[in-house]
Every structure is written in structure tokens, then in C-alpha cells.
Amino acid sequence: MSDLKVEDFCPFCCPSHNGGSTPIPTTGKTIFYTSSQQDKMAKMEVKTSLLDDMIGVGDMVLLEPLNEDSFINNLKKRFDHNEVYTYIGSVVISINPYRSLPIYTPEKVEEYRNRNFYELSPHIFALSDEAYRSLRDQDKDQCILITGESGAGKTEASKLVMSYVAAVCGKGAEVNQVKEQLLQSNPVLEAFGNAKTVRNDNSSRFGKYMDIEFDFKGDPLGGVISNYLLEKSRVVKQPRGERNFHIFYQILSGASEEFLCKLKLERDFSRYNYLGLDSARVNGVDDASNFRTVRNAMQIVGFMDHETQSVFEVVAAVLKLGNIEFKPESRANGLDESKIKDKNELKEICELTGIDQSVLERAFSFRTVEAKQEKVSTTLNVAQAYYARDALAKNLYSRLFSWLVTRINESIKAQTKVRKKVMGVLDIYGFEIFEDNSFEQFIINYCNEKLQQIFIELTLKEEQEEYIREGIEWTHIEYFNNAIICDLIENNQTGILAMLDEECLRPGTVTDETFLEKLNQVCATHQHFESRMSKCSRFLNDTSLPHSCFRIQHYAGKVMYQVEGFVDKNNDLLYRDLSQAMWKANHSLIKALFPEGNPAKINLKRPPTAGSQFKASVATLMKNLQTKNPNYIRCIKPNDKKAAHIFNEALVCHQIRYLGLLENVRVRRAGYAFRQPYEPCLERYKMLCKQTWPHWRGPARAGVEVLFNELGIPEEEFSFGRSKIFIRNPRTLFKLEDLRKQRLEDLATLIEKIYRGWKCRTRFLLMKKCQVVIASWYRRYSQQKKYQKIKSSAITVQSYIRGWKARKVLRELKHLKRCNEAATVIAAYWHGTQARRELKRLKEEARRKHAVAVIWAFWLGLKVRREYRKYFRANAGRKIYEFTLQRLMQKYFLEMKNKMPSLSPIDKNWPARPYLFLDSTHKELKRIFHLWRCKKYRDQFTDQQKLIYEEKLEASELFKDKKALYPASVGQPFQGAYLEISENPKYKKLKDAVDEKIIIAEVVNKINRANGKAASRIFLLTKNNVLLADQKSGTIKSEVPLGDVTKVSMSSQNDGFFAVHLKEGSEAASKGDFLLSSDHLIEMATKLYRTTLSQTKQKLNIEISDEFLVQFKQDKVCVKFIQGSQKNGNIPTCKRKNNRLLEVAVP
């Protein structure tokens, strides 16, 4: 019997904190639990509640008393006990612990899966689960906004959200692949877009918003990533104590030597000007391991091998651009021109990118300005050349990063066109207040202002408006609306960004000072703008505010911005010469990154500024976020030291103030912690009241009023709105859930009782029906058996009668058949006799006719010859001769066609000559046919076989009929490598010492002149040298260049002794000639002869004599070969007779 819960066929809904509900699926089956299963389920249900055994207060809405000190003390108390998450209603506060905590295990994922938001202790998984279930079950698009300062843990929070969603959504091969690709996109983007700062070792230097798309079941289909304003100025310069982007250090630390050589890089960080050395190494960060992780992630996401190679080539080119330095050089016209000091770096960059070196060198030295139909080329001084170099590096890296995001989107985008549900995860730079704040910090803080505005509009403001809309009385809470700051920055007329764009587009001299003057004129009276140069007298004597700076009072506090570089960074100018040089590259990726460099697509229109582009991107992001249901994670940094167990109350207090967390708590405290429409509330809890169970016939609000009155809930704990019920304290909600759970158990018992009665009745009726069916089947079976018996007897009688009748008919048919066959035979004989008589007559008649025709033909021929004999008498003999000869030749060739021998070159058969006059022709045909079949046979050879036969042919010319050992070598293939030097570890030392191709490797015996004894040596023949090495150790004993070998001597007998004569006076000849013995003498001598001829273009002298001289140091010794019987079998032996004679006995 299947065991299911009673909820499976109750169409109730679980309440959610945002006013929605989560449907519980129904199966249509009846479910029961055994006692053991009920105990198990009870244990599973007993979880730590938000309010039970809580350290401090888990939900700030319940904090008493509520003030800034109690708020901070509560956070500190929970932080000290490793409780890094706290709620403010549905908002999650996350404090960065700066260490690993065991609260993200798979068990924790299962614990928070499909649980009520307030049911367990605060956790980021609870918010992730709530957002995912709302998306899956209610078709509400979700967005998770993660905000906070740099170093507060936003990036890690976004990873946890994505990993939780990946863990709880569906399974399957395709789904798992999509999830893996979505998760593995993070390491790639972090490597190229994150860097170490003074506040964060893994700070996101770009904004990332990912839309994860799901199908109707809640399974991920894909995703789309949007990136915002990469901090590309970091590529060329980093503040003290900070690093460049991670990928530069990862390549140099983790790539293999071979890979670095391909990229023309060195492992030393100090070789590159773009890498700061004061913090190149980060404690706890393994760049080499991270590089392997990035390469694996790129493979999983879908990058092809050539794409990955191209990406790293571009990164290497950016790194090497920083090493290009310039020097001034005066021209004839008196103007200064920049020249590259060392062109080696430029050459390597051009080899990496496929750019012509002269084109790139000119682009660094000249600038071409186009206006309508005119072109003006000007030289660049050293400062301008350095600016062009850095601009190229920044643009190259920025465009590469944008290409990476686009390429990842191509891999992870949803392949189907069905309607999708979307969950957005925003991980963007936190609010930044540095010692020196420039254009990048201004843009980042503007984005955070917009996010704070979204939070204000969608949380605080909407909270109050909902109470007003529902008619709930409450105390109005004042809060700071930062729309005035956003307007100061983004106003189309008087905004700072608008004035910056206007200043960049203004003709004439434009500097950062003129931009500041304009700000002082327009924004002087704005209450959030401060400048010492403005007309406002209150800042004239503010010594903390330099003259070249302005200050904005953000929601997070006052930030002073250095105006230097604002105009240049907003222009983001890249000289057209450099764009065109990049477009001319043979590197496909670099060519694609600079489409504007195509001369056919020259656009004289000024490109949009960096500020206007970012403003448009932020506006699009805000519009996207407003279409989704928001979920907030507010990240807080506990200290500036990136250290665990340190809680800086002043720093945390500052963040609480600018995040508006206290105002958020006051709004929730002034209102209600939970609200829900009347219909789902009544549907969920109607079983708690007899009047509302099982159906309520009146309005839903009246039903909820009856329900709450029946349960005796205090009136101050709830209020009735126009369309929703508002519950002040979560305890009331938990009480309702506990009562509902108990009531469901009672209902399950009732259903179980009814089901068991129904089951027993059904079983009885089924048994009764079975008895009737069995009786009917038995009666039918009995009658069938009786009928079969009668039928069998009748069939037996019928078969006997039919057999007798059949045999009678068969006898009659056989007699009739024999009569017909006899008549047929007689007729056949008679017809045969008649046919033979007729055939004989016809043959006789045909012979007579043929005889008449032949006689007539001869007669006609005789008449013609008599008539025309006088005309043919002169040429008849020649024509008859030619005709006869032609017929004989035709007959000859036709007979030759049928008697041709096989195509084997060794086949000596040839048809006999039929006529004497064809003797020369017959021999020539035999020669041509033999050459033809030899060519056909040679065409079948591979290059290796041809080389072997050439060596065999060379050996034949050298030794045939000269050396008695030659015939035995004909059938042996020339192998060359008789020792497996490359595979045998014993010869590793020898292999490393020889860097040339080995032509022959063989063990030979080297003869000692003192006693005639032999010592084993390894004989190696390479392209340029002859080497002798020790067989045991592999140590090279002698090395002789082929040019120093003058002659090889050997006997004419059946032995393997040979002498290698060396050039007198050469370095190799200092110890004398070599007297060696080998089992493969013919092969070794042939290969030595061919190799020497190939290298020196001179033939090696091969002397074959039974007596020759060998030079041993300063003495010459005669080696003499004699015939004699041997004690040790057929092995030749060498003996010393005297100081001048070595005698070799050959069997």
C-alpha cells in the first residue's frame, strides 16, 4: 500500500512572507503512514524555529528596545556566536565572517528546502528558497539585490544563492549541464573582472547582473549575463597595496613553461610594468590552482581550444604592452617625436597578434585626424605615446572582457523559445570611499545611489503605501529619500554627468579645471554638493577640501572626488590609427574586437562617452529590476582588516546608517510582520473552525473574522485591511501553523478510518464476484471436456473411413499414371527416329549446296584472274607478301596476348618464337614487357620500402661476388634500430646526449690490439657522426664526424670483422682506427657508405681484402684472415701473433 500524506489531496497553500502562497501538489492517491514512518516524519518536522534557542534576536522586528545601540549590540552578539545572518522582516542582513563556516553543507540545503521563511533560523538559503518557490509556484519573476560596501561579501553571497538554486531545482543530464555552465561562468568572470584591493582580496571590479531562466517546472534553461563598467584603468595602474586583475597573475603562476613560451611570457612578475610588485602575492590565494580552475571552467562553459588560446594571447599582448617604452627624438621642423626604445617587445606583441610591426610602430608615433574629406597626420610626443599605449591596453582588455561575457551568454542562453520564468541576481560594486577617489568611484557610487533608490521605492515607500492603501492605521516614519542625490548626478540639464558630457563635446580648450568651474557655477547652491571654489561662502575656509576637488554628500556619507582625469576617462579616447592597426591583425579575435578600424566603415561621429553609456546601462537595469519581485540581501563589512572575529562597531554603525536598516525596522515595527489576502488565508486555516469547515459560504473576510474570533487571538495581534489580513507578530503565525498541523493529523486519522472501511467492503464485494466467476468458469470447463471426448471419437471413425477411400483412389491414379508414361515413352522414341531421318536429309542437302557454292566461287575467281591478270601481274607478289606478313603479325600478337607470363619480375618464362623473321621483335617485346612489369611492381612500394630496396641495391653493388657474407644478408631486412634506445630507461642518459636522428643502433665488439679480445660497445650512426658508447652505462666513449672517416676495410670471407679508418691528424684519430666485429656487417657498411655520401658528397672507400693495415695510435698493425677450424663452433676468433700482426681465424 502506498504511504502518502493527507496534504497531498488537500488543495491548501502555504503562506509566504511576501503575501503570496505556495501550492502543495496533489496526487489523487490515498496515503497512510505506519507508526515508524510517523515517528520519522515527526523527527524531520522538529527543526530549530526562528524564535526557539535563538542567540540575540533573529528578526530585528522583534528587537526590544529598538535603537541604534541595541541594533549594533544584537548584530555583534550574533556575530560572536557565528550567526552571520539576521532578518528585518523579509530582508536578510549578512555580515562577512572572513572565514569558512560549516553552514553551507548539502545537509543545510535540504534543511531549508521547501520550508517557511520564518520557520528556521535566519539564513541566505531561506531567502533563496523563498524566491525560488515564488518563481516556480506563483509565476512571479524574482530578483535578488545584493548591496553593501566593497569587501562586505556580495560576490560570495551571489555564489551561495546560485549554488542553492542549482541544488534544489530539477535533475537530469541536460538540466545538470545547464546548472554546471551557469555555476562555472563565475570563475571565468572573476578571473578576468576581479582584483585584490585594500579592502577585499577578491573585489569585483565590474558590475554583473545575471538573469537565470527557468521553465514551467522550475528547471533552469539558461541565463543571460549583463556587465557594467569594467574598471579598465586598473590594467595600466593600481593603487598601492592592490593588484591588477587576477588573470595576469594566474597565467604567470599556473601556466606550463611550454605554454608561457608560446605566449612569449616569463614567470617573473617583476618583468612587467603593468603588475604592481608590492602585493603580487596574496596570502591564502593559490594563483596556479585558480588558473587550472579557470581553464577547466572555460572548457565546461563551452569555449573551444582555439578560442581559449586566442583569449590568453590577447591577455599576454596586454601584459607586454606595458613594457613598451618611448624616447624623444627631434625632427627637422623642431617638433619632438616619440620613438620606441627597445623593439623586441613590440616584435613579440606583433607575433602574438599577427600585426605588421611597422603598422603598429607608426600608430604609436603618429595620429591621423579626419574631418570631412581632409586627413591631417601629426606626430606624438613621448607623453602622448604613453597615453596611446595605455589607452590601447585598456581598450583591448575591456573589449576582451565584453567579448567573454557575450561568448558565455551564447553558451548558457536558453535554447527553447517557450515562456520562461526569470530570477535575476545582481552582484555589483559596493559603495567606495578611498583616500583618492576619481571618475571610477564616482560612477560606482552613482550606481549604488540608484540601487538605494530602488530599495527605498520598493521597500520602505511601498511598505507605507500598502498600509495606506489597505486602510491600516499606523505611525508615519520619516526616512531619507536619496532621489535628490540621484538627480544631482543624472539630471539631463544640470546633472554632473550631463555637464561632464557637455564639457567633453565643447570646442576649444577643455580641462578638468574648466569642468570644475562649470560645476561650481551650476551646483553651487545644491545642498549635497560642496566645493571650495563655489560661490557658497561656507566652504571657502574648509581646508579639508582641496581646490581641485569637489565633495558629494551621498546616502553613505560624504565622498571627496579628485577632478583630475574626469574629462579623459569620460572621453575614453582611442586613436583611430590604433583601431585600424588592430583591425589589420591576422588574429581573428583581435580583428573582431575593433570593428570600427575597418576603413570601409569609418564613422566620423564622436562615440558616446563612458558616463553616458553607464547612465543608460543603469537606467536599463533599474527598469528591469522594477518588473520583478525584489529580495534583498544587505551585506555588512565587520572590519577593514579582512580579519575574522573582529567587529568594528563604528564601521558597522556607519553602514547601518547609510543602508537605512534602522528605518526599515521601524517601518516593520510600526506595521505588521505578515500579511495575506483573505481567500488563501481562509483556505489554509478553515479546518481550525467548525463554522468554516469544510466550506464557508459567505465573504472571505467574514470567514477570517469568524476563524480568528473562534481561535481567541488577541485583537492587537492582527488587523483587517480592505483585501488582506495583517498579523503583527510572527508568533501568532506560528501558533496558527501548529494548530493547523495538529488538525491535519486528526483529519488524517479520520480519513484513514473511512478508507479502511471502504477497503474492507471493497474486498468483500471483490471476493463475492470472484466466487461467481470461478463457478461459471468451472461449469464451462466440465462441458468443454465432455464435448471434446465425443468430438475425438467421431474424428477417429471419420479418419479410418477417409483413409480407406483415399487408398482406393490412390491405386487407381497410380495405374493411370503408368499407362500415360508408357505411351509417352513410345511416342518419344518414334519422334526421335523421324527427327534423325529428317536431319540426315537436311545435312546432305546442305553439303550439296555448299559444294555448288564453292565450285561457283572458284570458277568466278578463275574468270576474274584470267581477265585481270595483266593488271595485277606487276604488284601481286608484293601485295600478297604484305597481306601474308600482316596476317602473320596479327596472328602472332593474338597468340602473345593469350600466352603472356605473370607480372612477377622474377618470372623468366616467355612464349617461344613462332617465326624466325620475328626474332628481334620477340626479344624487344620481352625486354619492354619486363621493364613495364618492373615499373608496375615498383609503383606499389611505399617510401620506406623504396629506401630499403635502394639500400639493398647499394649493398649488392658494393659486396656482390666480393664478400662471402653477402648472400646471407640478402634475405634479412635492414632494421637499423636494433636497440630500443628511446623506450629503454637504461639508455636514457645516451638518448639525452644524442640530439640527432639515429640511423643505426647496434651492439658491436671492439677488438683490443693488445690481446685480440673483444669488448661490447654500442655503435650509433647519426646524420653527422659515428659514436661508440659503453653498453652498460650508456656513456659515449668516442664520437667521430663522418668527414673524418676515410675508408672501411673488411675481408672477403664469411666473417663480421671490419676496420673504420680515420683521417690522419684529425682529433678523432688520436687513438687510432677502430677494429670492430658485428653480426650485421653488410647493413652497417651500406648505411655508413650512404650516409657519408649524403653528407660529404664523397664516396667512402670500401676495401675488401684478406689482409689490411689498421692504425693503432702511432703503430700500424696488419690484420690477416686465414681459414681454420674453431673450437667454439663457427665463430671467428682473433689472436695476437706479435706487435705487428693480428690473425683472424675464419671457419
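Two strands pair if DSSP finds at least two bridges between them. That rule underlies the sheets described here, all taken from a predicted model.

**The sheet of strands 19, 20 and 21**

Strand 20 and strand 21 (residues 724-727) are antiparallel and share three bridges. One of the residue pairs is Phe720 with Ile725, the latter in strand 21. These strands belong to an open sheet of three, ordered 19-21-20, with antiparallel pairing. Strand 19 (674-677) and strand 20 (718-720) are the edge strands, and each pairs on one side only. On average, neighbouring strands in this sheet are turned by 20° against each other, direction ignored.

Two helices lie on these strands. Helix 24 (residues 678-685) packs on the sheet and touches strand 19, strand 20 and strand 21. The direction of helix 24 makes about 95° with that of strand 19. Helix 25 (residues 700-711) lies across strand 20 and strand 21. Helix 25 runs at about 155° to strand 20.

The loop between helix 24 and helix 25 holds Pro694. The peptide bond from Trp693 to Pro694 is cis, with omega near 0°.

**The sheet of strands 30 to 33**

A second open sheet has four strands in the order 30-31-33-32. Its pairing is mixed. Strand 30 (1107-1112) and strand 32 (1133-1138) stand at the edges. Each has a single partner strand, so one side of each is left without a neighbour in the sheet. Neighbouring strands here are turned by 30° against each other on average, direction ignored.

Strand 30 and strand 31 (residues 1115-1123) run antiparallel and are joined by six bridges. Within this pair, Gln1111 stands opposite Lys1116 of strand 31.

In a regular strand, side chains alternate between the two faces of the sheet.

**A hairpin**

Strand 24 (residues 1025-1030) and strand 25 (residues 1036-1041) run antiparallel, joined by five bridges. Leu1028 has Ser1038 of strand 25 as its bridge partner. The two strands form a hairpin with five residues between them. In the turn, Gly1034 has a positive phi of about 80°.

**Positive phi outside glycine**

Two loop residues have a positive phi although neither is a glycine: Asn82 and His645. The table sets out their values.

| Residue | Phi | Loop | Relative accessibility |
|---|---|---|---|
| Asn82 | about 65° | between helix 2 (68-80) and strand 3 (85-88) | 34%, partly exposed |
| His645 | about 65° | between strand 18 (629-636) and helix 22 (649-659) | 59%, exposed |

The class of His645 follows from a cut-off: exposed means over 50% relative accessible area. At 59%, His645 therefore counts as exposed. Asn82, at 34%, counts as partly exposed.

**Helix 7 against helix 9**

Helix 7 (residues 246-254) and helix 9 (residues 287-301) pack with their axes 7 Å apart, at an angle of about 100°. That makes helix 7 roughly perpendicular to helix 9. From helix 7, the contact uses Tyr249, Gln250, Ile251, Ser253 and Gly254. From helix 9 come Asp287, Ala288, Asn290, Phe291 and Val294. By class, the residues of this contact divide into five nonpolar, four polar and one charged.

**Thr308 in helix 10**

Thr308 sits in helix 10 (residues 305-321). Is Thr308 buried or exposed? With a relative accessible area of 7%, Thr308 is buried. Leaving aside neighbours within four places in sequence, Thr308 is in contact with Arg295, Met298 and Phe303.

**Helix 11 against helix 12**

The axes of helix 11 (residues 343-353) and helix 12 (residues 357-365) come within 9 Å. They cross at roughly 120°. That makes helix 11 oblique to helix 12. The crossing is right-handed.

Which residues of helix 11 and helix 12 make the contact? Helix 11 supplies Lys343, Leu346, Lys347, Ile349 and Cys350. Helix 12 supplies Gln357, Leu360, Glu361 and Phe364. The contact of helix 11 with helix 12 has five nonpolar, one polar and three charged residues.

Notes
Residues are numbered from 1 along each chain as its sequence is written. This is a predicted model: local features need pLDDT of at least 70, side-chain atom pairs count only at pLDDT 80 or more; totals for chains, interfaces and linings use all residues. Side-chain values use heavy atoms; hydrogens and water are left out. Axes are lines fitted to C-alpha atoms, for helices over the stretch in contact, and angles run from 0 to 180 degrees between N-to-C directions. Angles under 35 degrees count as roughly parallel, over 145 as roughly antiparallel, 65 to 115 as roughly perpendicular and the rest as oblique. A crossing is left-handed if the near helix is turned anticlockwise from the far one by less than a right angle, and right-handed if clockwise. Contact means heavy atoms within 4.5 Å. Ala, Val, Leu, Ile, Met, Phe, Trp, Tyr, Cys and Pro count as nonpolar, Asp, Glu, Lys and Arg as charged, and the others, Gly among them, as polar. Buried means under 20% relative accessible area, exposed over 50%, partly exposed in between (1.4 Å probe, protein chains only).
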